[in-house]
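Work through the exercises below with the sequence and the coordinates at hand, trying each task before reading its solution.

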Amino acid sequence: MWGLLLLVRIKLLLACFLLVWSGLSWGGEGELQLRDDKPVVVAGEHMQWWIDQNGMHSIYSLLKSESVSWADSTAEVPNLGYRMEPVWFRMPLTNGATETMWNLVIDYPLIRDLDIFFVAGGEVTEIFQLGERFEFSARPVLHRNFIVPFRIETGDNQIIYVKMQGPYAMQMPAKIMNAKALLEYEVVSVLSHGLFFGFVMVMGFYNLFLYISTRENTYLFYVLFTFCIGLFQFVEQGFAYQFLWPKEVWWQNKATGVLLHACLISSFLFVNSFLEMRKNMQWIFKSYSLLTALSLLTLCSVPFMDEFWTIRFGVMLVIPATVLAVLGGWLTWMKGRSDARFFSIAWFAFLVGALLLALNKLGWIPRNMVTEHGAEVGTVIELGLLAFALAGRIKIERLKRQELEFHAREMERTALLAKEHALELEKMNSEQLERNVRERTRDLHKALSELSQMNRRLEQLNQVDSVTGVGNENSFLVNLSKEWDRSYREGEVLSLIVVELDCYRDILADYGAVASDECLKNVASILERLISRPADCITRYGDKVFGVILPGTDEKGAQYIADKIVAAVAAQPFDFGVAKVDASVSVGVSAVMPFRPDQYRELLMSAESAVYVAKNDGGNRVKFAAMSS
Ligand SMILES: Nc1nc2c(ncn2[C@@H]2O[C@H](COP(=O)(O)OP(=O)(O)OP(=O)(O)O)[C@@H](O)[C@H]2O)c(=O)[nH]1
């Protein structure tokens, strides 16, 4: 398949070359005859040329010289390639027409030094000094090509001498035509050029907008390349000097070389970006980079180097660079990238056009329509096909991106599911944890409440006498201190009754601890029965001693109660089954209006001293001890 395609290409190439060489067989036809029926005469067929090796001759020395050996032109356009020496052309002409105003048209805008001499009867009759060494406005006709109108009477003879020098190829595409023919020729020429530059502009701007919307660098490089090559052709065809910089003589002489190298550098950027050469084809990348570096170097030396060399280097570099682009495209295509097909064909078309132009300018093949405008046709085909290739590439990129996006979405979905799963697990764990914490907290609260209940019970136990159930010694002292301070603050009277069981030792000795305890319980219950105010406090604070705190009760009241206690105990013998014992108590009473805080012990000592007296007096009685304040 590929072999067949290659064969087709080779055949196409051969066909092109046959077409190119078909214009070779122009023989010298001697003197040029102007005729009414032939408004356009191609002058090349009637020309002779001579190279002034030393550059010493002027038109006058040339006319006198016998030694100059003129060579007949063998082509429609005499083509001597690149040379630095001046080249002279001459053509004898006879006017056999009635028309006397004719135009010498040199269809080649790039001539730096162009001197035209009209000679009649061995005398110079008219001189025109033209070329890019002068501003555009210096031309006799303001046209991109060199046009010189001249008068020749019917039947007259003249010889036109043309001296040409400069950095460009030495070619003389001269024609002689009358005004009508010139107008017709111009219409066709401008239309074809307009179509070409219109196409280049459309491709350039269209792809520039595509770049702005896609931000794809390859588009940018394509646009750069398109504008470089468009501008290069604009200069080549003489439009740039006419419309863009008609006064810039220096720049006009440099522009061809500069733009040639700019085309090469921008083509490198575009080809590298499109084929990703650096990644895929190292050796092509390196070779292309070398050519580009040489081009850059030449470009940098433009201000110091003669245009002749800048252009020659450019022509020599463009051909291998284009071959590399074709090769790179073809290899990429072979590797399976379908968009590289248009790319390699496009560059091949350009290569053919550029080769024809380069060989034409080097003087290796004749200059004719095909070799002169092949590059423009190649450029049109190339730019069109490259736009196709770019579209294909963008399509492939878009498909790749869509595929990647799909994968990314899939991965995102999987990640989302995994995250949801993890969140569920986390939720389950936290719920379990919360449950555990709640359970533990409940257990803790339960334990704490049990603990506080136990503490309360312990406290109670600590305050209660285990035998009688009334308050114990702790509770007695705490309450006495508390009531003392409260009575002191409120200015109330406080009474204390101390009750001692008289026969406690005897009962313990005779009947044992159980009996003595029962006896104490009996006294306690009598006390509880007789003393009933809420603020009263009954305690057992010694083995056989009870203390009764009576807040807000005066001496009389306390005495009254004490008497009732003594009487009640005496009136109720203690019966514990096997025996009946008459029990009695000694009671000491003391009452006071507390005069300073923290002195409750004095009240206690006072009451106890009264008990002591009551006991010494035989017991079963009440004694009062007044407390000194
Ligand atoms: N602190 C206290 N004092 C009492 C109690 N019973 C009698 N008294 C004192 O003894 C005084 C004479 O008592 P009662 O004859 O029974 O007269 P009372 O005013 O009815 O006494 P209460 O029954 O306590 O209201 C009272 O004014 C009190 O000072 C008692 O239970 N506690």
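**Exercise 1.** What is the order of the strands in the open sheet of five strands, and how are they paired?

*Solution.* Two conventions come before the steps: residues are numbered from 1 along each chain as its sequence is written. The model is a predicted one, in which local features need pLDDT of at least 70 and side-chain atom pairs count only at pLDDT 80 or more, while totals for chains, interfaces and linings use all residues. Helices (H or I, at least four residues) and strands (E, at least two) are DSSP runs numbered from the N terminus, and two strands pair if DSSP finds at least two bridges between them.

Step 1: the order is β15-β16-β14-β19-β20, and the pairing is mixed. Step 2: β15 (537–540) and β20 (622–624) each have a single partner strand and stand at the edges, so one side of each is left without a neighbour in the sheet. Step 3: from one strand to the next, the twist averages 20°, where axes are lines fitted to C-alpha atoms, for helices over the stretch in contact, and angles run from 0 to 180 degrees between N-to-C directions.

Step 4: within this sheet, strands β14 (residues 494–501) and β19 (residues 585–592) run antiparallel and are joined by eight bridges, with Glu500 standing opposite Ser586 in β19. Step 5: helix α15 (residues 600–616) packs on the sheet, touching β14, β19 and β20, and its direction makes about 145° with that of β19; contact here requires C-beta atoms, placed from the backbone, to lie within 7 Å. Helix α12 (residues 473–490) lies across β14, β15 and β16 (545–551), running at about 25° to β16.

**Exercise 2.** Which residues of α8 are buried, and which exposed residues does the face turned away from its buried side carry?

*Solution.* Step 1: helix α8 (residues 282–300) has 19 residues and reaches 26 Å from its first C-alpha to its last, close to the 27 Å expected at 1.5 Å a residue, the expected span being 1.5 Å times one less than the number of residues. Step 2: a residue counts as buried if 20 or more other C-beta atoms lie within 10 Å of its own, as exposed if 12 or fewer do, and as partly exposed in between, with C-beta atoms placed from the backbone. By this criterion Ile284, Phe285, Tyr288, Leu291, Thr292, Ser295 and Thr298 are buried in α8. They cover an arc of only 150° around the axis, which puts them on the same side of α8; the arc is that of the directions from the helix axis to the C-beta atoms.

Step 3: the face turned away from the buried side carries the exposed residues Gln282, Trp283, Lys286, Ala293, Leu297 and Cys300. Step 4: the cover over the buried residues of α8 includes α6 (249–275), α7 (277–280) and α9 (307–334).

**Exercise 3.** With which strands does β8 pair, and over how many bridges?

*Solution.* Step 1: strand β8 (residues 113–120) pairs with strand β11 (residues 157–165) in the antiparallel sense over seven bridges, and Ile159 in β11 is the bridge partner of Val119. Step 2: β8 also pairs with strand β9 (residues 123–130), again antiparallel and over seven bridges, and here Leu114 has Leu130 in β9 as its bridge partner. Step 3: the hairpin of β8 and β9 has two residues between the strands, and Gly121 takes a positive phi near 60° in this hairpin.

Definitions and conventions. Contact = placed C-beta atoms within 7 Å.
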